[in-house]
Amino acid sequence: MQEKKPTKQLWPDFKNFLIIVRKHSDIPVSIQADKSRFMTICAYFKYKDFTKENFISLIAEKKQRGNVGSTLNKFVTMGKNIDEFLGTEVAKGFSFFPVINKPKNEFLSPKQIVDLANIKIKYGKCRGYLNKRNKAYVMLLGLTGCRAGEALSLTKNDLIANPSQVIFRDTKSNENREVPISDDLYKLLINITRKNKEFVFTSF
């Protein structure tokens, strides 16, 4: 009997489960966040058994890397959702980490991100390229939550197709981080790459 475990191939059905059964938001930014956590869990269990002990190890590793309680809780919740989807009990009984309340920050809505990305600036030269570059930059920051340094360090080799994703290498943990992105964002990034340049975001 084949072991029940989360795999990348299950994402389309699992996404529908989250939206229809668990009533998760279907806006692109929320779907992307769910997909990122799901793919992280899939990658961790690619060569491991999907067991309670290994799930504890996953959460412990993330805690050791400095992830705060709210982030850890999102992975615990994702584990519980995977359990319900697969009919397993790997995250059963997991309690949530205490969360330290910080002053509430203001965040841009998905519409505000798109509106900001679509602003056209009347540059004197190369306005077409520069506006496309700025749009790709704003969309990458807004949809992945990456830091400015991570975005500006992207090279052509960090853009992966089928499925679309980016690899951030200049991270706080000094470890590479693979993040799924939409096909539309992938096309934006590919379209601004220059033949004679290594980095994705360049100036003229």
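**Helix α4**

I began with helix α4, residues 69–86, in this predicted model. I checked its length against the ideal rise. At 1.5 Å a residue, its 18 residues should span 26 Å. I found the end C-alpha atoms 25 Å apart, so the span agrees.

Next I listed what α4 hides. Its buried residues are Gly 69, Leu 72, Asn 73, Phe 75, Val 76, Met 78, Gly 79, Asn 81, Ile 82, Asp 83 and Leu 86. I then looked for what covers them. The cover includes α1, α2 and α3 (52–64). I also looked at the residue just after the helix. Gly 87 has a positive phi there, about 80 degrees.

**Phe 38, facing α4**

I moved to Phe 38, which sits in helix α2. Is Phe 38 buried or exposed? Its relative accessibility is 2%, so I noted Phe 38 as buried; the cut-off is under 20%. I pulled its contacts, leaving out residues up to four places away in sequence. Phe 38 touches Pro 6, Thr 7, Leu 10, Trp 11, Phe 14, Met 78 and Ile 82. Met 78 and Ile 82 are also among the buried residues of α4. I took one C-alpha distance as well. Phe 38 and Gly 79 are 8.6 Å apart in space, with their positions 41 residues apart in sequence.

**Gln 32 and the second largest pocket**

I stayed on α2 (residues 28–44) and looked up Gln 32. Gln 32 counts as buried because its relative accessibility is 13%, against a limit of under 20%. Beyond its sequence neighbours up to four places away, Gln 32 touches Leu 143, Pro 180, Ile 181 and Ser 182.

I then turned to the second largest pocket. I recorded its volume as about 380 Å³. Its lining has 22 residues, and those closest to the centre are Pro 28, Gln 32, Leu 143, Ser 182 and Asp 183. Which helix gives the most to this lining? It is α2, with five residues. At least two residues each come from α1 (11–21), α2, α5 (110–117), α6 (127–144) and α8 (183–192). I sorted the lining by residue type. I got 14 nonpolar, four polar and four charged.

**Helix α6**

Leu 143 led me to α6, where Leu 143 is one of the buried residues. I checked the length of α6 too. Its 18 residues reach 26 Å from first C-alpha to last, close to the 26 Å expected at 1.5 Å a residue. Others on the buried list include Tyr 129, Asn 131, Arg 133, Asn 134 and Met 139. I asked what the buried residues of α6 pack against. The partners are α2, α5, α7 (148–152), β2 (165–168), β3 (177–180) and α8. Just after α6, Gly 145 takes a positive phi of about 75 degrees.

**Asp 158**

I looked up Asp 158 in the loop between α7 and β1 (159–160). How accessible is Asp 158? I read 2% relative accessibility, so Asp 158 counts as buried. I searched for a polar partner. The side chain of Asp 158 makes a polar contact with the side chain of Arg 169, at 2.5 Å. Arg 169 is also on its contact list, with Ser 153, Gln 165, Val 166 and Ile 167; residues up to four places away in sequence are not counted.

**Backbone oddities**

I scanned for positive phi outside glycine. Cys 126 has a phi near 55 degrees. Cys 126 lies in the loop between α5 and α6. I noted Cys 126 as partly exposed because its relative accessibility is 33%.

Asn 162 also shows a positive phi, near 55 degrees. Asn 162 is in the loop between β1 and β2. I noted Asn 162 as exposed because its relative accessible area is 75%, over the 50% cut-off. I then checked omega. Asn 162 and Pro 163 are joined by a cis peptide bond, with omega about 0 degrees. Pro 163 is found in the loop between β1 and β2.

**Whole chain**

Last, I stepped back to the full chain. I counted eight helices and three strands. Along the sequence they run α-α-α-α-α-α-α-β-β-β-α. The C-alpha trace spans about 60 × 40 × 35 Å along its principal axes. Of the 204 residues, 36% are buried. I also checked contact range. Of the contacts with a separation of 6 or more, 55% join residues 24 or more positions apart.

Technical notes: Residues are numbered from 1 along each chain as its sequence is written. This is a predicted model: local features need pLDDT of at least 70, side-chain atom pairs count only at pLDDT 80 or more; totals for chains, interfaces and linings use all residues. Side-chain values use heavy atoms; hydrogens and water are left out. Helices (H or I, at least four residues) and strands (E, at least two) are DSSP runs, numbered from the N terminus. Buried means under 20% relative accessible area, exposed over 50%, partly exposed in between (1.4 Å probe, protein chains only). Contact means heavy atoms within 4.5 Å. On a 1 Å grid over the protein atoms alone, a cavity is a set of points where a 1.4 Å probe fits but cannot get out, and a pocket is an open set with protein on both sides within 12 Å along at least five of seven lines; lining residues have an atom within 4 Å of a point. Grid points are joined across faces, edges and corners, and a volume is the space filled by probe spheres set on the points. Ala, Val, Leu, Ile, Met, Phe, Trp, Tyr, Cys and Pro count as nonpolar, Asp, Glu, Lys and Arg as charged, and the others, Gly among them, as polar. The expected span of a helix is 1.5 Å times one less than its number of residues. A polar contact is a pair of N or O atoms within 3.5 Å; within protein, one must be able to donate a hydrogen and the other to accept it, and residues adjacent in sequence count only if both atoms are side-chain atoms.
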